[in-house]
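Please look at the chain shown below and follow one residue outward to the parts of the chain around it.

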Amino acid sequence: MAQPEANFGFIGISGRGNSMLREFLSVPGVRVTAVCDKYEDRARRGAEIVKEVTGKDVEWYTDHRELLAREDIKAVVACTTWISHSRIAIDAMRAGKHVAFEVGGAASLDECWQMVRTAEQTGKICMIMENCCFERREMTLFKMIKEGMFGELVHFEGAYCHDLREEIGNGREIRHGRLVNFTARNGELYPTHQLGPIAKCLGINRGNRFLTLNSVASKGVGLHDWHVKQHTPDYYNYNTVFNEGDVVQTFLKCANGETVMLTHNCTLVHPYSRRYVIQGTNAIFSEAPEDDVICFDGEHRWKKFQPVLEANEHPLWKEYRTAGVHAGHGGMDYLVLCAYAEAAINDLPAPIDVYDTATWMAVTCLSEQSVAMGGAPVPFPDFTDGLWIERGPFRRGKFCLEAVCDEYFE
Ligand SMILES: NC(=O)c1ccc[n+]([C@@H]2O[C@H](COP(=O)([O-])OP(=O)(O)OC[C@H]3O[C@@H](n4cnc5c(N)ncnc54)[C@H](O)[C@@H]3O)[C@@H](O)[C@H]2O)c1
């Protein structure tokens, strides 16, 4: 994967930024020449990480606009908070830089439109780094769909079930961005981990689009219960009523007739799960608590998915396993960073473009509106302004998420 080199800036150096920065420094062609965090200690830590890994000194900043003013920087990565990603992305594109940022939903449709318009006007990459699109299982299922093994697609399910009570509840102590969102908002706050892969399977923004969305939220008692068990009544958040429902379910209807159901579930007891389900006319796949399972037409019973995965593995993962899989989240973090770096360094379209980014992030603010209206359906904007009906060709390549490009693998 040798390629030319380019200078990158890296913004947001908390837990996630820390591990992504280390991973990013091992991506071919990447030179990180500046780091930034609003907190000075974290910005300094970023510079220390670069020094530890590369031996080089880099500038650190506490204002991302100062980093973006640097002319030597071609592109940036942001691992900041949900309500800062789009602002940083827009500032970055206006400053002439490509940008990729961590996952999270949008707080308003306007920020999504601003990202779209700025990317269109500047020609810069604006990519949400949805690592799950590069997961071995998800890529293999995508390949199986493209080969017709599921027949015609009908229905998908996905979830973000992750017991984050400790991380959210201790948000003030650990200076973490999630707490304020769970306090103030109520909706599908983290839609993209399963929605990203689902949207790619469904050809959203390329021949298909989401038409409507509706969301229903349960009561939200998990975080309060956690605080009562952890603290004494003098704790500042002991009596706080959190707006976010413990279980938020969201339904999407597609122009081509398929349905998608998403679940957000982060404040109750729950082992990590994305509850992925794919149902077509020829097969059903389901994530299961122990082993993922699949059933093909005529079989009438579940069988383990693992042997099917091994027989149908996506060529990117075959190549990656031979070369040596990196650590982050089973290897997918490295792949999403490589995909962005390849596009940014060579000024090529990214496999997740601004239309994907805006569409996936918009689920959050649309879901908040629907929850507030008792689950009423809300119309889904078409960020492509009609191009979804007839898009130009996509860029083929190793990291392509529109097709399996066998010609790029030996
Ligand atoms: N893809 C994944 O698997 C995965 C895993 C964990 C976290 N994440 C995502 O990564 C992001 C960061 O997560 P985290 O746990 O590190 O969050 P965090 O709240 O601990 O850290 C966010 C950091 O961004 C900084 N920041 C915010 N606005 C800034 C600005 N304008 N300029 C500079 N710095 C700014 C904050 O000071 C903070 O240090 C979130 O979007 C989270 O959802 C993704």
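Why does Val336 count as buried?

## Val336 and its surroundings

Val336 counts as buried because it has 29 C-beta neighbours inside 10 Å; a residue is buried if 20 or more other C-beta atoms, placed from the backbone, lie within 10 Å of its own. This is a predicted model, in which local features need pLDDT of at least 70, side-chain atom pairs count only at pLDDT 80 or more, and totals for chains, interfaces and linings use all residues. Residues are numbered from 1 along each chain as its sequence is written.

Val336 sits in helix α13 (residues 332-345), a helix being a DSSP run of H or I with at least four residues, numbered from the N terminus. Leaving aside neighbours within four places in sequence, Val336 is in contact (C-beta atoms, placed from the backbone, within 7 Å) with Met129, Glu130, Asn131 and Phe134.

## The nonpolar core

The largest nonpolar core, a set of buried Ala, Val, Leu, Ile, Met, Phe, Trp, Tyr and Cys residues joined through C-beta atoms within 7 Å, has 119 residues, and Val35, Val99 and Tyr340 have the most contacts inside it. Helix α13 provides the largest share of this core, 12 residues. Because domain 1 (6-131) and domain 2 (132-408) both give residues to this core, it lies between them; the domain bounds come from an automatic or database domain assignment.

## The two domains

The centres of domain 1 and domain 2, taken over C-alpha atoms, are separated by 22 Å. Their contact takes 33 residues from domain 1 and 42 residues from domain 2.

Terms used. Helices (H or I, at least four residues) and strands (E, at least two) are DSSP runs, numbered from the N terminus. A residue is buried if 20 or more other C-beta atoms lie within 10 Å of its own, exposed if 12 or fewer, and partly exposed in between; C-beta atoms are placed from the backbone. Two residues are in contact if their C-beta atoms, placed from the backbone, lie within 7 Å.
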